[in-house]
Amino acid sequence: MTGKLTTDQIDRFQAHASQRYHISVDQLERAVFSEISGLQLETETMDVIEGGVNDSVLKIPVRSRAGNVTLKRGVTVGNELLHWYLRIMQGVMDRRTITVRTFRTNGELLARYELLNAYPVKWSGPALAATGDAAAIETLELTYQGVLLLNT
């Protein structure tokens with residue numbers, strides 16, 4: 001052993017650029033998103049005080065849940081995201097799979113996350129101003145039941 005790291009070992013510890021990703025939503029072929037935030041899983045814990053042990057408290061996992069994610073995109077001709085949210089508002093449970101693919105700088109697939117049984121819980125339209133020249137952005141907040149991490 002020479003002490004040199006292999007390319008595979010270096011790749012495991014290298015941080016990857018956050019701007020190389022693709023998001024797809026079941027049944028929405030034309031939805032191109034400029035940002036996704038809030039990808040998180042969280043586990044609640046319960047404190048257990050053990051009799052006779054006065055210097056620590058045990059933390060026991062109770063339940064886990066996925067947080068909400070927020071998707072942002074420039075307003076386009078289609079209103080697919082708003083129509084999806086309006087279906088939910090009308091009581092139609094329209095759950096979909098959100099697929100997030102991240103890529104290495106050379107274009108190879110790094111990881112694929114599938115957000116399961118997702119549906120919108122909030123839609124925000126663009127802020128409009130006659131004096132501005134910023135892109136009109138719409139925002140969709142989604143809740144989901146779980147996530148699958150599918151590495152390549």
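## Exercises on a predicted model

Glutamate 114 has a relative accessible area of 17%, so this residue counts as buried. Keep that in mind as you work through the exercises; the model is a predicted one.

**Exercise 1. Find the salt-bridge partner of glutamate 114, and decide whether that partner is buried or partly exposed.**

Step 1. The side chain of glutamate 114 meets that of arginine 112 in a salt bridge, with N and O 3.2 Å apart.

Step 2. Arginine 112 has a relative accessible area of 27%. Buried requires a value under 20%, so arginine 112 is partly exposed.

Step 3. Both partners also turn up around threonine 99 in strand 6 (residues 96-103): setting aside neighbours within four places in sequence, this threonine is in contact with His22, Ile23, Ser24, Arg112, Tyr113 and Glu114. Threonine 99 is itself buried, at 8% relative accessible area.

**Exercise 2. Work out which parts of the chain are joined by the salt bridge of arginine 73 and by that of lysine 59.**

Step 1. Arginine 73 pairs with glutamate 138, and their closest N and O atoms are 2.8 Å apart.

Step 2. Since arginine 73 belongs to strand 5 and glutamate 138 to strand 8, the pair ties together parts 65 residues apart in sequence. Both of these residues are buried.

Step 3. Lysine 59 has its salt bridge with aspartate 47 (2.8 Å, N to O). This pair links strand 4 (residues 58-66) with strand 3, across 12 residues.

Step 4. Now check the surroundings: lysine 59 counts as exposed, at 55% relative accessibility, and aspartate 47 as partly exposed, at 47%.

Step 5. To round off the picture, there are nine salt bridges in the count, and Glu44, Arg63 and Arg65 are linked in a network of them.

**Exercise 3. Explain how the buried residues of helix 2 are arranged around its axis, and say what they pack against.**

Step 1. Helix 2 spans residues 80-89, and its buried residues are Glu80, Leu81, Trp84, Tyr85 and Ile88.

Step 2. These residues cover an arc of only 135° around the axis, so they sit on the same side of helix 2. The general rule helps here: an α-helix has 3.6 residues a turn, so residues three or four places apart point the same way.

Step 3. That buried set packs against strand 1 (21-25), strand 5 (69-74), strand 6, strand 7 (109-124) and strand 8 (137-143).

Step 4. Look at one residue: Trp84 touches, among others beyond four places in sequence, Val25, Ile98, Ala118 and Leu142.

Step 5. The largest nonpolar core has 18 residues, of which Ile23, Trp84, Ile98 and Leu142 touch the most other members. Helix 2 gives the most to this core, with three residues.

Step 6. After the helix comes glycine 91, with a positive phi near 95°.

**Exercise 4. Decide which element of the protein has the lowest mean pLDDT and which the highest.**

Step 1. Begin with the whole: the protein has two helices and nine strands, and its mean pLDDT is 84.

Step 2. Helix 1 (residues 7-13) has the lowest mean among the elements, 58, while strand 3 (residues 41-48) has the highest, 94.

Step 3. Take a reading lesson from this: where pLDDT is low, the predicted coordinates should not be read in detail.

Definitions and conventions
Residues numbered from 1 in each chain as written. Predicted model: local features only at pLDDT ≥ 70, side-chain atom pairs only at ≥ 80, totals over all residues. Heavy atoms only, no water. Helix = DSSP H or I, 4+ residues; strand = E, 2+ residues; numbered from the N terminus. Buried < 20%, exposed > 50% of the residue type's maximum accessible area, 1.4 Å probe, protein only. Contact = heavy atoms within 4.5 Å. Arc of directions from axis to C-beta. pLDDT = per-residue confidence, 0-100. Core = buried A, V, L, I, M, F, W, Y, C linked by side-chain atoms within 4.5 Å. Salt bridge = Lys/Arg side-chain N within 4 Å of Asp/Glu carboxyl O.
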